[in-house]
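Here is a short guided tour to read alongside the sequence and the model. Settle in, and keep both in view as we go.

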Amino acid sequence: MTTSAAAPTAPGEAPGIRPEGGAVPVLTRDNGAPVGDNRNSKAAGDLGPVLLEDSYLIEKLARFDRERTPERVVHARGTGALGMFRATADISDLSRASLFQQGKESPVFVRFSSVIHGKDSPEWMRDPHGFATKFYTDQGNWDLVGNNLPVFFIRDAMQFPDMVHSLKPDPVTNRQDPNRFFDFFSATPESTNMLTHVYSNLGTPASYRTMDGNGVHAFKLVNAQGETVFAKFRWVSRQGVHNLAGSKAGAMPFDYLTHDLYSEIAKRNYPTWDLMVQVMRPADFAALDYNPFDDTKEWLGVPFKKIGEMTLNKVPDNFFEWTEQSAFAPSNMVPGIEPSPDRMLQGRLFSYADTQRYRIGANALALPVNKPRVTVVNNSQDGQLNASGRSSNVNYFPSALAPKTTPADAIASSYKIDATVAARPIAKSNNFAQAGVLYRSMSAADKADLIQNLSGDLGKVESLRTRTIMVSYFRQADAEYGARLAKAVNVPLAEVDKAVAEYRAAHPEQYAN
Ligand code: HEM
């Protein structure tokens with residue numbers, strides 16, 4: 001860095017703002033050349049125009065004009081922290097992923113987020129909350145891109161853009177509108193379980209530290225012998241799960257979640273989570289009354305085993321370079337962890353890396369936050385903002401001049417498929433039962449908050465038909481839940497029960513048992 005102990009004061013610069021004594025860094029242009037005047041544009045005389053030849057002014061404004069990259073299309077508002085994951089159990093019988101070797105430590109970067117509103121929206125708004133973890137393992141990066149809630153609204157990636165459009169602000173008025181999103185959800189009965197979660201107080205966490213995190217989908221785990229099982233992951237907060245009643249959340253400061261995380265880390269009150277895993281084998285599936293790869297369902301009753309713990313202990317030095325430019329993708333997996341056939345997960349395998357090539361650029365994974373902690377060796381090259389320093393002239397494979405190996409233990413598992421290719425809904429959709437289990441597990445106070453939160457939005461829907469159909473879904477989850485909601489949103493219970501009967505007649509397969 002160029003410094004000057006006694007740089008002369010430029011015209012117009014107040015001498016009083018200079019620190020006393022010591023070397024003061026010289027202000028430079030992006031090309032490193034010193035700047036002689038940072039207050040006055042080059043102008044033609046006292047009353048004349050500014051000149052195009054003032055390339056420093058143009059550079060300064062042009063860089064400013066380009067400070068914003070596109071924000072994430074969802075999960076735009078987020079907060080990041082760095083830390084460490086330690087594997088605490090031997091699960092080599094389940095997965096050969098090296099990060100799970102008992103005692104092994106892998107650095108992590110976590111980004112917590114809310115989903116629907118923009119980058120600068122208030123943190124108290126009701127939403128699912130993102131809990132995305134990037135594990136910098138010695139076999140490359142594994143991203144577990146989850147939410148605080150264990151299920152999701154829809155079960156097929158085909159519906160994701162429609163769902164998000166309905167929840168985002170109206171393209172005409174630019175306001176979020178329950179008339180639109182309940183219009184969508186009234187034709188999406190599989191959302192009943194997730195809506196019950198979101199409108200419970202889980203939708204307004206007290207702190208990011210007091211949220212659990214869920215991978216939501218099933219993943220395939222593969223051991224060193226090539227044997228496979230299916231698994232779901234969950235972060236369990238050692239701080240406990242604490243939420244705000246909806247009425248309290250609205251009174252919180254705009255940035256209370258970020259403030260809480262950053263200030264507790266600054267006080268060295270480092271938050272910690274246990275990583276838990278549930279395991280099922282294909283032989284277990286027949287006994288289920290739901291599809292094990294349906295992300296609108298939890299694997300209720302399947303035991304959790306603790307396999308590791310994570311502590312977050314550092315706020316990144318630069319918000320934009322770490323938190324904004326972080327690129328989490330469910331497709332970032334390591335040997336021993338593979339996708340399951342979950343139709344949402346399969347869509348996500350494409351969508352994240354695709355949006356990041358657009359949002360950040362082709363070299364997004366070369367940025368410090370995204371860069372693996374192992375050396376990357378491949379033939380991808382060039383593109384905007386490339387600084388790879390590549391000097392080899394062998395940018396192809398295979399080559400005897402500069403051989404690269406492809407180890408057998410990195411080959412993905414092979415599996416048989418015997419199916420008819422078709423675009424069809426899943427069998428065993430069982431859309432309502434788990435929402436009823438959740439409702440009945442709540443305390444009386446939590447039930448009352450749920451009814452208040454949900455009716456607050458559903459009650460704004462003008463269409464009686466939409467309100468009736470929505471209530472008929474909650475009624476099928478639990479009769480009392482539906483009856484209380486019907487009253488709260490002013491729908492006659494007889495109409496709700498008519499809608500239930502119509503639904504049951506149209507979907508006999510769901511009621512076969
Ligand atoms: C962010 C798409 C379902 C959790 C995103 C982003 C996209 C996206 C495009 C922005 C990524 C970026 O700009 O870096 C989709 C699609 C889905 C889907 C197409 C369904 C097919 C889900 C589900 C979960 C989830 C089921 C929870 C398990 C997240 C999280 C982020 C995110 C946590 C923010 C990651 C971060 O902090 O950068 N999603 N998503 N998404 N999504 Fe999804």
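## A buried histidine and its surroundings

His75 counts as buried because it has 22 C-beta neighbours inside 10 Å. In this report, a residue is buried if 20 or more other C-beta atoms lie within 10 Å of its own, exposed if 12 or fewer, and partly exposed in between, with C-beta atoms placed from the backbone. This is a predicted model, in which local features need pLDDT of at least 70, side-chain atom pairs count only at pLDDT 80 or more, and totals for chains, interfaces and linings use all residues. Residues are numbered from 1 along each chain as its sequence is written.

His75 is found in the loop between helix H1 (55-65) and strand E3 (78-87). Helices (H or I, at least four residues) and strands (E, at least two) are DSSP runs, numbered from the N terminus. Although His75 is not a glycine, its phi is positive, at about 60°. Asp382 offers a companion case: its phi is near 60°, again a positive value in a residue other than glycine. Asp382 lies in the loop between H9 and H10, and it counts as exposed because it has 10 C-beta neighbours inside 10 Å. Pro398 also lies in the loop between H9 and helix H10 (433-441), and the peptide bond that leads to Pro398 from Phe397 is cis, with omega near 0°.

## Around the ligand

Which residues come nearest to the ligand? Of the 28 residues around the ligand, these are His75, Arg111, Gly130, Ala157 and Val216. A residue is near a molecule if its C-beta atom, placed from the backbone, lies within 6 Å of it. Strand E4 (105-114), strand E5 (129-137), strand E6 (140-147) and helix H9 (343-359) are the elements that give two or more residues to this shell. H9 provides the largest share, eight residues. By character, the shell divides into 12 nonpolar, 11 polar and five charged residues. Here Ala, Val, Leu, Ile, Met, Phe, Trp, Tyr, Cys and Pro count as nonpolar, Asp, Glu, Lys and Arg as charged, and the others, Gly among them, as polar.

## Strand E9 and its partners

Strand E9 (residues 228-237) is mostly covered, with seven of its 10 residues buried. Let us look at how E9 and E8 pair with other strands; two strands pair if DSSP finds at least two bridges between them.

| Pair | Sense | Bridges |
|---|---|---|
| E7 (residues 213-214) and E9 | antiparallel | two bridges |
| E8 (residues 219-222) and E9 | antiparallel | four bridges |
| E9 and E10 (residues 272-280) | antiparallel | eight bridges |
| E8 and E12 (residues 337-339) | antiparallel | three bridges |

Individual residues help to place these pairings. Asn214 stands opposite Arg234 in E9, while Phe233 stands opposite Val277 in E10. Lys220 has Phe230 as its bridge partner in E9. Phe219 is bridged to Ala231 in E9 and to Pro339 in E12. E8 and E9 form a hairpin with five residues between them, and Gly226 in the turn has a positive phi of about 85°.

Which way do the side chains of E8 point? Phe219 and Leu221 point one way and Lys220 and Val222 the other way, and all are buried.

## The nonpolar cores

In soluble globular proteins, nonpolar side chains tend to be buried together. A nonpolar core is a set of buried Ala, Val, Leu, Ile, Met, Phe, Trp, Tyr and Cys residues joined through C-beta atoms within 7 Å. The largest nonpolar core has 50 residues, and those with the most contacts inside it are Leu99, Val108, Val110, Trp142, Ala231 and Ile337. A second, separate core has 39 residues, including Ile154, Phe181, Tyr199 and Phe432.

Two residues are in contact if their C-beta atoms, placed from the backbone, lie within 7 Å. Leaving aside its neighbours within four places in sequence, Val108 is in contact with Gly83, Met84, Phe85, Thr133, Lys134, Phe135, Tyr136 and Met310.

## The whole protein

The protein has 14 helices and 12 strands, and buried residues make up 36% of its 513 residues. Its C-alpha atoms fill a box of roughly 85 × 65 × 45 Å, taken along the principal axes. Among the contacts with a separation of 6 or more, 72% are between residues 24 or more positions apart.
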